[in-house]
Amino acid sequence: MFTHLRTHSHYSLLEALPKIPELIKKAKDSGMTSLALTDSGNLYGAIEFYKECLEHGIKPIIGVDFYVALRTRHDKEARIDNSRSRLVLLAENLTGYHNLLKLVTASYLEGFYYKPRIDRELLEKYNEGLIAIAKEEKNYKEIFKDRFYLESSLAIYDVYYLDPADRPALNTVLSIQEHLNRGGAFDEEQDLSFRTPEQARKDFSREALENTAKIADRCNLKLDLGKWIFPELEIPDGQSPDEALRNIVFDGIEKRGLEKTPEVLERIEYELKVIKDKGFQKYLLVVSDLLRYAHEHDILTNVRGSVAGSMITYLAGITNINPLEYQLPFERFLNPDRPSPPDIDLDIADNRRDELIEYTRKKYGENHVAQIGTFGTMMARGAVRDVTRAMGFSYELGDQIAKLIPFGAQGFPMTIERAFKESPELKEMYDSDADTRTILDMAQKIEGNARHVSVHAAGVVISPTALTDYTALQYDTKGEQKVITQYDMYSLDPNAGGEMTVGLLKFDLLGIRNLATIAETFERLKKIEGKELRLEDIPLDDKKTFEMLARGETEGTFQLNGPGMTKALMELKPTAIYDINVMVALYRPGPMDNINEYIARKHGEKPITYLHPKMKNFLEPTYGVLVYQDDLLLTAIEVAGYSWGEVDKFRKAVGKKIPEEMKKQHMMFVQGCITHGKMTRDKAEALWDLFVPFQGYGFNKAHAASYGHIAYITAYLKANFPEIYMSAVLTAESGDVNTIGIMVNECKRMGIEVLPPSINESFSQFSVIPLGSSTSKLHSEVELPRKYKIRFGLTTIKNFGQGISSSITAERKRVGKFKSLADFLDRIKDKNLNKKSLESLIKSGALEEFGERGELLANLDNLLSYHREQLNASDNQSSLFDLSSLPALRLEKAPEATLRDKLSWEKELLGLYVSGHPLEQYKEKFMSKEMNIKKLSNFREGTEAVIAGCVEGARDVLTKNNERMVFMKLADFSGSIEVAVFPRVLADYRQYVRTDNCIAIKGRVSKRKGETSFIAEKIKAL
């Protein structure tokens, strides 16, 4: 029987087309019983391929189509070592597979030069268990002996796509690759399709076919998948893992200030037994150790997911909330019937995450720890843009098509096929325009293919032995020298990919900006007010916090901002942290409909009812409303008689919307309600119908409690330490101009002054400066006494680096504030105080206390000359006389800068207007109107409205009819929005569509692409 021995999948990254299920189906349909996967230089798809082959009765042969260095893998000389040859290596057995892992790793970590390369030294070291196939003998026969085959002696094809008609699609992905400068070329005449055994018998001799069959027969790899592999850790004093965990837990009782009540002790013993029976002690000890290090080094952490339901993790310092207080079930995290291992997702302050990973490397060994690789795929919009460029169509056409494709939801990505159903405009354009049809047809052929490999946002693996015993490794392609796995989490982690995985459990360490903001607030409070604050010290019943949320002042908080959530909080008027948890859980598609019911029942506007008496046991805190995924699971257990093992399958079916499984669960649930819960069929069906909105969107209660806790903390800090908290928020958001603009507007609304940078008051980042006990001079919605004002930082100025910023703040700390412009220029000896940086200081307003911006800018050359002379004198000072003879600083008179100039410079250098706003002169008009840009997001598609603002940018594009239209960004005091000005309107109002113009627009709300935009119909100047 014929077997393809050199087959490439889309994991060859823009060199081949077939997805692995398609390859295996093609082999199966062709009557083949075995198939090799030999992607170019990598093993990305090996586990997925192995698993799929076994599921479909095909023998998997795992190999690699390697690049071999011209000289050695260490030689990387231009125009010499970019040449290389190819060598296919196939694993005969487990030894061969492990050698493939090591060869691929070395080719990336040591031999990468344009491509990952191996050499003779590596082959001599790692050839056992491998069969080699090459065009030329070179020295391969000497190394591999009877395991080497010349390509000419085999029946072998190069496979890069399935059908001959796919060749244009390959050419397209090769063009995309060429655009990314990866190199690599194919003979355009060569057929690289998947040939049938019948064709092979026509093309090759019997001997060649027999040799190919011999190789296929020799390759019998059996991978030992499905185990759970935990890191090895040193346990002090010869303790067993059970003893070590028990000691940590009982120490935690005292640390947490808990009483040893029967309820607490019973819960501890129950959980410890389940953990021991499951064999998960080591895993929890490793996580506890990571969190111990974090806490000892003031790295703020939180957890996601069901782990917060464990008393053991709370006492071991892993989680932050007491599960007994929040009535969180341990079984949602771990239960005797659950077959899969625990899954603990940790949130880390994003500016300290690398520190924790570095500790992990040092603790467990550099070659035992790596971040997980993940694949960027060609999603619908991206595929359209790539294809447009590769096929030579205009950018404008690709942009127009891409923008008609709606955004997908988390876990449910958008496809072109689905976009046709959801976007009538896209389907119409496809049907009426030949170029659009060509682009979309091609995009569908490559959609979903792997485009590049990158670093998973959170995932880290820790292995008991060298990681190359389990996965190939490489560097992150962004050039940061981070070592990552070639297998993604679906191939590595049983929690992600099921039983047929390598078995390395993923440690999820996700960097969260809000935690960094909280930590920064704590640090600033300590420095500025001498106040020590920790997460566990913050009261959870702060009246001021709940009153602030009830007023809708949510900007800058975690999970609680945004117009929809804010409106719901104002109606809810939260009075306890449990209300916050409920909102975090319900404010998502599906369960969102239950928000109004919860609010009405909380305020006594609707009666509290339960569809079954037993549901009161767990729904009483939420007034009988289904809120959490746990509510569904407990209903299934209490009312329908499920076991925890059965309910785990139920959870996965509901969460992943698996139709066949949902159908089975529907029947099982209804029947269980009838027999176990003694309900009528109609009531059982009514109960099932309540579950439907939770499909794919349900939050588990522990997750909501964890996120609700952090959300509350951010609100507490904003309510009680507004200026310090908002300065920390601004610092955390540095670099995101849009968010900074929103936060600055929020500060102004709160009566907090936000001022341009100042060489005498600014530090590197946003900082607070004491105001005394004055009330803010700003017109704001709240007239409260403020203690501080906020200053922009020096490094927030464009073209102004950390080095010169540090020089200024260090000099200020050493001697004191600068007394004059001359004093500043005299004392700053940093050569980076050059024309560019000095101009940036002047334009941004950082030197305004020593001179007017227009005058300083006109004297820029004088200032630089003076500074140069000071530097030279400092370098060559031979006597006091030399220094005293230097000329004094004199400024020539010059016109003052206009407000328009100042605002323009601030916009350019700080990203937003600080001293004022072009719309200030029209503020009374705005204040008298109910409408603003932010409110448009609450309006429906097609709603007519009039908005006004300042044009922050305008971009001309050509329509498919070759007419000119404009997309512009319009901003007011509440936010910004994209406005489309179509050709007919543009012809009448072109003069108004210019950057910095202040205009009013009558038009209609558009809700396409999951975003709110505006379509202009009439425009006039303000």
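**A tour of selected salt bridges and one covered helix**

Begin by selecting Asp-956 in this predicted model, where the residue is partly exposed, with a relative accessible area of 29%. Add Arg-990 to the selection, since Asp-956 and Arg-990 form a salt bridge in which the closest N and O atoms are 3.2 Å apart. Arg-990 lies in the loop between helix 42 (983-989) and strand 20 (998-1006), while Asp-956 lies in strand 17 (residues 944-958), so the pair ties together parts that are 34 residues apart in sequence. Arg-990 also counts as partly exposed, at 34% relative accessibility.

Next, select Arg-385 and Asp-399, whose side chains meet in a salt bridge at 2.9 Å, N to O. Here Arg-385 belongs to helix 14 (residues 380-390) and Asp-399 to helix 15 (residues 395-403), so parts that are 14 residues apart in sequence are tied together by the pair. Arg-385 is partly exposed at 29% relative accessibility, whereas Asp-399 is buried at 4%.

Move on to Glu-761 and Lys-789, a salt bridge with its closest N and O atoms 3.4 Å apart. Glu-761 sits in the loop between strand 14 (754-755) and strand 15, and Lys-789 sits in strand 16, 28 residues apart. Glu-761 counts as buried at 15% relative accessibility, and Lys-789 is buried with a relative accessible area of 14%.

Strand 16 (788-791) also leads to the last stop, for it is among the elements that cover the buried residues of helix 32, as are helix 21 (513-529) and helix 31 (701-720). Select helix 32 (residues 722-732) itself, and you will find that 10 of its 11 residues are buried, including Tyr-725, Met-726 and Leu-730.

Technical notes:
Residues are numbered from 1 along each chain as its sequence is written. This is a predicted model: local features need pLDDT of at least 70, side-chain atom pairs count only at pLDDT 80 or more; totals for chains, interfaces and linings use all residues. Side-chain values use heavy atoms; hydrogens and water are left out. Buried means under 20% relative accessible area, exposed over 50%, partly exposed in between (1.4 Å probe, protein chains only). Helices (H or I, at least four residues) and strands (E, at least two) are DSSP runs, numbered from the N terminus. Contact means heavy atoms within 4.5 Å. A salt bridge is a side-chain nitrogen of Lys or Arg within 4 Å of a carboxyl oxygen of Asp or Glu.
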